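Student: Please take me slowly through the place where the chains meet, and then on to a few other spots worth a look. Keep it simple, since I'm new to this.

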Amino acid sequence: MTNQARIRNFSIIAHIDHGKSTLADRLLELTGAVDARDMREQVLDTMDLERERGITIKAQTVRLTHRAEDGEEFVLNLIDTPGHVDFSYEVSRSLAACEGALLLVDAAQGVQAQTLANAYLAVEAGLEVIPVINKIDLIAADPDRVATEITNVIGGSAEEVVRISAKTGEGVDALLRRVVDLIPPPSGDPQSPLRALVFDSYYDAYRGVVCYVRVVDGRLRSGFKLEFMATGETHDAAEVGVLTPAAKPVNVLEAGEVGYLITGVKEIDRIKVGDTLTDAASPALQALAGYAEPKPMVFSGLFPTDGDDFERLREALEKLRLNDGSLMWEPETSRALGFGFRVGFLGLLHMEIVRERLEREYDLDLVATAPSVAYRVTMTDGSIREIKSPQDLPDPGSRGDISEPYVRAMILTPSDYVGPIMELVTAKRGEMGNMSYLSPERVELDYRIPLSEIVFDFFDLLKSRTKGYASLDYEPDEYRTADLVKVDILLNGQPVDAFSAIVHRDKANDYGTKMTGRLRGLIPRQMFDVPIQAAIGGRVISRETVKAKRKDVIAKCYGGDVTRKKKLLTKQKEGKKRMKMVGSVEVPQEAFVAALRVDDDL
Amino acid sequence: MMTSDVRHLSGAEVDRHVEDAAAYVHIPFCSAVCPYCDFAVVAGADDRIGRYVDAVLAEIAMSPRWRPLDSVYFGGGTPSHVDPAHLRRILDALASHHGLANGSEVTVEANPEDFGPQRASELFSAGFNRVSFGAQSFDDAVLARLGRRHDAGDIEVSLANARSAGFQNASMDLIFGTPVERNESWMATLRRAVALEPDHISCYALTVEPGTPLHRDVKAGAPAPDPDTQADRYEMAERILGEAGLGRYEVSNWSRPGRECRYNLTVWAQGEYEAYGNGAHRFVDGVRSHNIRRMDAYIDRIEQGVRPISGSELVRGWDGEIDRLFVGLRRSAGVRPGPGVDALLGTRGGGVLRHAGVIDVLEGRLVVTRPLLTDEVHRQVLDLSPPQGWVEALERDNLSD
Ligand SMILES: Nc1nc2c(ncn2[C@@H]2O[C@H](COP(=O)(O)OP(=O)(O)OP(=O)(O)O)[C@@H](O)[C@H]2O)c(=O)[nH]1
Ligand code: SF4
Ligand SMILES: [Mg+2]
C-alpha cells in the first residue's frame, strides 16, 4: 500500500541519443533496482534490435524505490522513451501515464528538433517538465549555452537547469532530489470507482496478453472482475504486479501506481491499448481520455517469400499490434508477389523495425515493396478515394485531381547552414515558412513539404548538407493537389505492380532512370535478354537491358563424379528458389527492396 | 549456337553404351600440383607409389568379379608420371579379375613432359591403346600461368612419340579462357592442335574451384576468367574443330567419327563402371559410390582389409530416371523419351528453357541445343518430381524384384 504523496510518475524524454536510457541505468543503480552483476549499459533496452542498433524502440517502464535523505521512501515509476521521430507515439502514450518529465539535452549538441517536439508534448499534457543538461563530461560540452537555449524554449532561469553526466553519475543524486521535490504526486481519488489506463501491452506465449496500466482512481486488486470500457469486455484480474524491473506480483495497485495486469486472455483483439479499466461491480461513469489513434505516414506491401506463410503473417501482425499500437494493415494482392498485406507505418525506421521484428520474433521471411504515402484521388463522379498503393491508382479516364499529404517540418540548425537547407527544401518542392532564432547561432526553420519528399531520403540529405548538425521533426499537415503520375516498371514487357510508384511529373524521368538502372544491376542475367522499362501510361521514359547470359555450365564431369556435380547444382537451385518468378524472369528479393535504398544519386 | 557439319552419333549409338562394362583407375601422382587443379592428387609422394599400387591391386582383388570390360580408363593425377610397369600390373590384374572384352578401349592419361619414346613404347606394350594428353594450350604464357611443366613444343613431340610407339588413338585436353589468353592465341592453339591430327579433343573452360591456389589469387584480386570471353572461345573451338572434321558429341568433347571416348560414352549413357584408387567414383547395381579421397587414408583402409568406400547414392526408380537425364543431356545426341523428359517438358521451367532455345525435341529425343547453358537445364531436371502414380508403379517393381 503506497500513499499517493510518496509516488512520482515520470518519463525521460529527449532527442535521439541524448542519453535517456543511460540516465535510466544510473537511476536503477542508485535505487538498487538492479544487482551490480546484472547491470549492463542501457539495461532497459531489452530487445535484440535495440541492443544491436543502440537505440530505444519501445518505451519501458520500471518501478524504483528511493529512500530520501530524511529516510522517507518514495516510489518512482520511470518510463524510458525512444527519441526517434518515428516513435513519438510511444512518447505521447508514456506521458499520459505520468505527472512529470525529465527533458534531457545533450551538453554538446544542444536543443534539437525532438527536444522541442517532445517538450511541447509534455507541456500540452500538463506535465511538470524538469530540464536536464546531460553529458557534461564531454570535452565539447557547453552547458551555459545549452542552458540558455533551453530556457528560451520552455522558460525558467538558466541557473535552475540541472547538469549531469549520465555516464559518470555526476549530478544524478541532485536530480533525484529534484524529481521528488518538483514533480507533483498523483492526484487521483482513491475512494472513487476504479479507473486505470492501459498504456501498453504485449503478448506472452504462456500467459497471454500482459497489460501495462496506470491506476488513476480507486484501486486495482488481484481477483477483481474488470470491465474494459471501450470494448465492453469483462475479465478477471488473474494477476497484478509491478516491474522492478523484474515482474513482481502484488495484491493491489493503488491510485497513482503503475504496474502490470494479466487476465489470462489469449485472444489479442480483445484488448486495446488506450482503453480504461474499471470495476465491473461498481463501474466508473466516464472513461479516461485514452489515445488518439496514431496516423500511419507510409505504406508498404509485406509479402511472405513462401506463399504458405500468409496466415502466419496475419497472426504475427496481430500479436505485434499488441506491442505496437500504431500498426495497421489490410490485405493486398500483387501479381508479382502473391498474397500479403499493405501495412501502414509511422516512418521508414518504424517500417524497418517492424519488418525485422516480424522476421525474427515470428520466424518469417518477407519481401517489402517500395513505400508510398497515401494519396487522395477525386473521381470523375465526385467521390474521393484514398490510395495507399500505386497499383490501386484508378486510370486517368476515371479520375480527376490527385492530392498528396504535406507535412509541417521543423528544422533546427546552426545558422551557417540555412543556405544549403533552403536549396534542399526547394529541390524537394517545399515551401518556406517562419524562421526564428533560438540563440544567435541556432535557427528554427519552418516549412511545408510533401510527405513523399521528406519520408525517404530527406533526413540523410539534410544530415550530409549540414555535417550532421541539423535536426528535423515533422507532423502531418493538409493535402494539396499536385501534378502526379504513376510510373510503371516493366520487365520483359510485363508491368511489375510491386515496382510502380506515384511521383511528381517533374521527377518521373529521374525516378524511371534510377529504377531501371538499379534493377539492371540487381537482376541476374537470364537465358534471354530482359528489357527493363519505365513507362508512364504507354509511354516508355527509360530503358535498360540485362543481356542474356551465355555460359552456365560446369566444364568437366570428371572421371564419372556425377554425385558431386549433382550436389553443387542442387545447392545452386536452392539459391534460386529465393528468387521470385515474374513472368519468366527470376527476380531476387533484394530487387524489391532496391527502391527503399537511400538515394545518393538524386 | 552453330554446330559443325561432322556427323554426330545417332541416339541409338550413344544409348547402346548403357550395356557396357567399364573401369576407372585413379593414379594420384603428379610432379607438381597445378594451381587450378582440385582433383585428388599428390606431389612429392613418389616414394609411396609402390605401396599405392599394391593397395589398388588389393582393391581389385576385393571387388566382386564382373564381366569383361569394354573400356578401361587410367586417369589422375598423371598416370604417365609413374613407371609403366606399375600400370601394367594393375591392367593385368583387371584383365584377369574381370576380363577385357575384344576390341576394348584402354586409355592412359599422360602429360607431354613425361612422354619420351621409351615411355610411349612401354605404355603401348603394357596394353594401352589410347592416350589422352594434358596439353592445355599452345600458348606458353598460358601454360606458365597454369603452372604447367611443358611447353608447346613438348606437345608436338609427345604426340609424335605416341604415334611412333603404335598408338592409333590419341586425344588432347585443352583449357580456354585463362585470363592471360587472347582470342588470337586461343585460335592459334586450336590450329596447332588440329594440325597434329589428334583423334579426339576435349576443350574445358578454366574454372576457379574453391580451395585451389587459383581461387585464393582471384579472391585476392587476380583477374578471374570471364564467362562471356569463354563463350566466345567456345564458339571458336566449335568452328575450328568442326572445320577440321572433329564433331562435338558432348559439351566439352570433340572427335573424329568413331573415335568418341568409349569410357565417357558409358558414363553418359548411365552404363556401369567400376572404379579403383583414392577418390575414384563408380556406378554399379544402381548405386553411385566413391572411395576415400585422401591417398594415405585410402591405403590405410585397404591395408586393414576393408573396401575404401566413403559415400554412396542410391540411383533407382525416379532418382534413376533423373540421373539418366542428368548424365545423358551432356551429349549432343541428348536422351531418348521417358517419364523424366515428359516431366521436364510439362513444367513451367521446362517451357521457359524450350522457349529460350536451350532445349528442343529433335528426332524424338530431348536435346540441349545451347550446350553452354547445360547447367540451367540440369538445375531444372534435379527439381523435377515424378508424375502422379509413379510411386505405386515403383513399389510394384520392387515387389516383383
Ligand atoms: N560522454 C557521455 N556519453 C553519454 C552520456 N549519456 C549517454 N551517453 C552516450 O550516448 C549514447 C546514447 O545514449 P542512450 O542512453 O542510448 O541514448 P538515448 O537517449 O536512450 O537514445 P534513444 O533511446 O535511441 O533515443 C551512448 O553511447 C551513451 O553511452 C554522458 O553523460 N556522457
Ligand atoms: S597435372 Fe593434372 S592432375 Fe596433376 S595437378 Fe596438374 S592438373 Fe592436376
Ligand atoms: Mg534509449
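Tutor: Let's start with the meeting place: chain B and chain A bury about 3,600 Å² between them, 54% of it on carbon and sulfur atoms. Buried area here is the accessible area, found with a 1.4 Å probe, that two parts lose on being put together, summed over both. The size of an interface is often given that way.

Before we zoom in, some ground rules. This is a predicted model, where local features need pLDDT of at least 70 and side-chain atom pairs count only at pLDDT 80 or more, while totals for chains, interfaces and linings use all residues. Residues are numbered from 1 along each chain as its sequence is written, chains are lettered from A and ligands numbered from 1 in the order in which they are written, and side-chain values use heavy atoms, leaving out hydrogens and water.

Back to the interface. Chain B brings 46 residues to the contact and chain A brings 30, where contact means heavy atoms within 4.5 Å. There are 10 salt bridges between chain B and chain A, each being a side-chain nitrogen of Lys or Arg within 4 Å of a carboxyl oxygen of Asp or Glu. Zoom in on one of them: Arg379(B) pairs with Asp552(A), and their closest N and O atoms sit 2.4 Å apart. You'll also find 17 residue pairs in polar contact across the two chains, with both residues at pLDDT 80 or more. A polar contact is a pair of N or O atoms within 3.5 Å; within protein, one must be able to donate a hydrogen and the other to accept it, and residues adjacent in sequence count only if both atoms are side-chain atoms.

Which parts of chain B give two or more residues to the side that touches chain A? Among them are strand 1 (21-27), strand 4 (69-76), helix 9 (227-243) and helix 15 (374-382). Helices (H or I, at least four residues) and strands (E, at least two) are DSSP runs, numbered from the N terminus. That side of chain B divides into 21 nonpolar, 10 polar and 15 charged residues. Ala, Val, Leu, Ile, Met, Phe, Trp, Tyr, Cys and Pro count as nonpolar, Asp, Glu, Lys and Arg as charged, and the others, Gly among them, as polar.

Now look inside chain A. Helix 3 (residues 88-95) has six of its eight residues buried, so the helix is largely enclosed by the rest of the structure. Buried means under 20% relative accessible area, exposed over 50%, and partly exposed in between (1.4 Å probe, protein chains only). The buried ones are Tyr89(A), Glu90(A), Val91(A), Arg93(A), Ser94(A) and Leu95(A). Strand 1 (7-14) and helix 4 (113-124) of chain A are among the elements covering them. Asn118(A) lies in that helix 4, is buried at 3% relative accessibility, and touches Val91(A) as well as Ile13(A) and Ala14(A), not counting residues up to four places away in sequence.

Next, find the magnesium ion (ligand 3): its protein donors are Ser21(A), through OG, and Thr56(A), through OG1, lying 1.9 to 2.1 Å from the ion. Ser21(A) belongs to helix 1 (residues 20-30) of chain A and Thr56(A) to the loop between helix 2 (48-53) and strand 2 (60-67), so the pair ties together parts that are 35 residues apart in sequence. Donors are N, O and S atoms within 2.8 Å of the metal (3.2 Å for Na, K and Ca), and water is not among the atoms, so sites may look incomplete. Both donor residues are tucked away: Ser21(A) is buried at 8%, and Thr56(A) is buried at 9%.

Finally, a few backbone oddities. The peptide bond from Thr244(A) to Pro245(A) is cis, with omega near 5°, and Pro245(A) is in the loop between strand 12 (239-243) and strand 13 (247-250) of chain A. Another cis bond runs from Gly76(B) to Gly77(B), with omega near 15°. Lys467(A) isn't a glycine, yet its phi is positive, near 50°, and at 66% relative accessibility Lys467(A) counts as exposed. Glu197(B) also isn't a glycine and has a positive phi of about 55°; Glu197(B) is exposed too, at 58%.
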